[in-house]
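New to this one? Let's take a stroll through it together, starting with the overall outline and ending at a single residue.

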Amino acid sequence: MRVKINEWRTFSHWKWDGCDVEDLCGICQNYLDNSCPNCSLPGDDCPLIWGKCNHTFHMHCILKWLSLESSKGQCPMDRQQWETQ
Amino acid sequence: MIKIWSMKKDTENGAKKKPKTSAAQLRVQKDITELELPSTMSTHFPNPADLLNFELIIKPDEGMYKGGAFKFTFNISNNYPHEAPKVKLTQKIYHPNLDHQGNVCLNILREDWKPVLNLNAVVVGLQYLFLEPNAEDPLNKDAAKDLLADRNQFKAWVRSSMSGRPVKGEPYDNVMA
């Protein structure tokens with residue numbers, strides 16, 4: 001039997017380990033499983049980062065904040081000095 | 001063949017024309033959707049397409065500033081939420097935490113801003129200023145001194161300043177709703 005494929009659609013599902021599906025990035029308020037607002041695709045090019053305080057953000061979001069003097073190097077959730085896990 | 005190529009070109013041009021929504025705009029959009037304004041506050045967007053510039057009107061229904069209508073302008077930069085919104089009062093009032101140019105002394109609009117805060121936090125903070133004027137860390141040092149020296153006298157001066165009468169020779173705007 002020969003099958004002729006006229007059309008197909010692809011589908012993929014994406015999920016980071018270590019966070020819940022509903023978890024938001026506190027900075028951009030996007031889902032952690034989505035990319036930060038400056039990237040178009042989630043994944044290794046827009047990774048997550050965990051602090052020792054256990055708060056999680058998109059790496060791009062927290063690095064932008066920490067690069068500002070006004071951040072004083074603190075986690076925006078608890079104002080503790082940010083240290084990456 | 002030719003057709004396919006020209007179609008591709010067309011879509012490329014189309015994509016370029018479409019203005020890109022910035023990270024700040026996306027975040028403000030979320031903030032505005034989640035904004036829960038009590039009946040004492042309302043927003044006004046002079047240009048509905050521009051979410052980064054709008055007005056907030058606060059009409060306190062209790063406290064010494066009851067009966068006034070205070071109009072603030074919000075100017076949100078493209079660095080939002082990494083930078084606090086710039087908030088200014090458009091009227092000149094007698095208040096320890098607001099100077100005569102309309103600058104606001106609210107910690108979360110200054111040194112305590114952090115990007116996990118949102119517009120709701122700012123709006124709640126502004127409303128609180130009218131319920132509890134704070135004589136510590138003032139922008140209008142004279143008003144703060146007056147509040148500490150004699151709360152009742154201060155209250156009387158707030159009331160008369162709100163209807164546009166001067167306080168100790170200093171003129172104020174009529175802000176009565």
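What follows is a short walk from the whole chain down to one serine.

Keep in mind from the start that you're looking at a predicted model. Chain A keeps its list of parts short: one helix and two strands. Follow the sequence along and you meet them in the pattern β-β-α.

Now step back and look at the outline. Taken along the principal axes, the C-alpha atoms of chain A fill a box of roughly 70 × 20 × 20 Å. The radius of gyration fits into this picture too: chain A has 18 Å, while a compact globule of 85 residues would come in near 12 Å.

What about the inside and the outside? Of the 85 residues in chain A, 34% count as buried. The chain's accessible surface comes to about 6200 Å², and carbon and sulfur atoms account for 50% of that. As for contacts between residues at least 6 apart in sequence, 40% of them join residues at least 24 apart.

Charges are worth a glance as well. Chain A carries 8 positive and 11 negative side chains, with the centres of the two sets 8 Å apart.

Finally, let's zoom in on A:Ser12. You'll find A:Ser12 in the segment before β1, the strand that spans 48-50 in chain A. Is this serine buried or exposed? A:Ser12 counts as exposed because its relative accessibility is 65%, and the cut-off for that label is over 50%. To get a feel for distances, pair A:Ser12 with A:Trp65: the two are 53 residues apart in sequence, and from C-alpha to C-alpha they sit 32 Å apart in space.

Definitions and conventions. Residues numbered from 1 in each chain as written. Chains lettered and ligands numbered in written order. Predicted model: local features only at pLDDT ≥ 70, side-chain atom pairs only at ≥ 80, totals over all residues. Heavy atoms only, no water. Helix = DSSP H or I, 4+ residues; strand = E, 2+ residues; numbered from the N terminus. Buried < 20%, exposed > 50% of the residue type's maximum accessible area, 1.4 Å probe, protein only. Rg over C-alpha atoms; globule rule 2.2 N^0.38 Å. Contact = heavy atoms within 4.5 Å. Areas by Shrake-Rupley, 256 points an atom, 1.4 Å probe, with all protein chains shown as cover. Lys, Arg positive; Asp, Glu negative; His and termini not counted. Charge placed at Lys NZ, Arg CZ, Asp CG, Glu CD.
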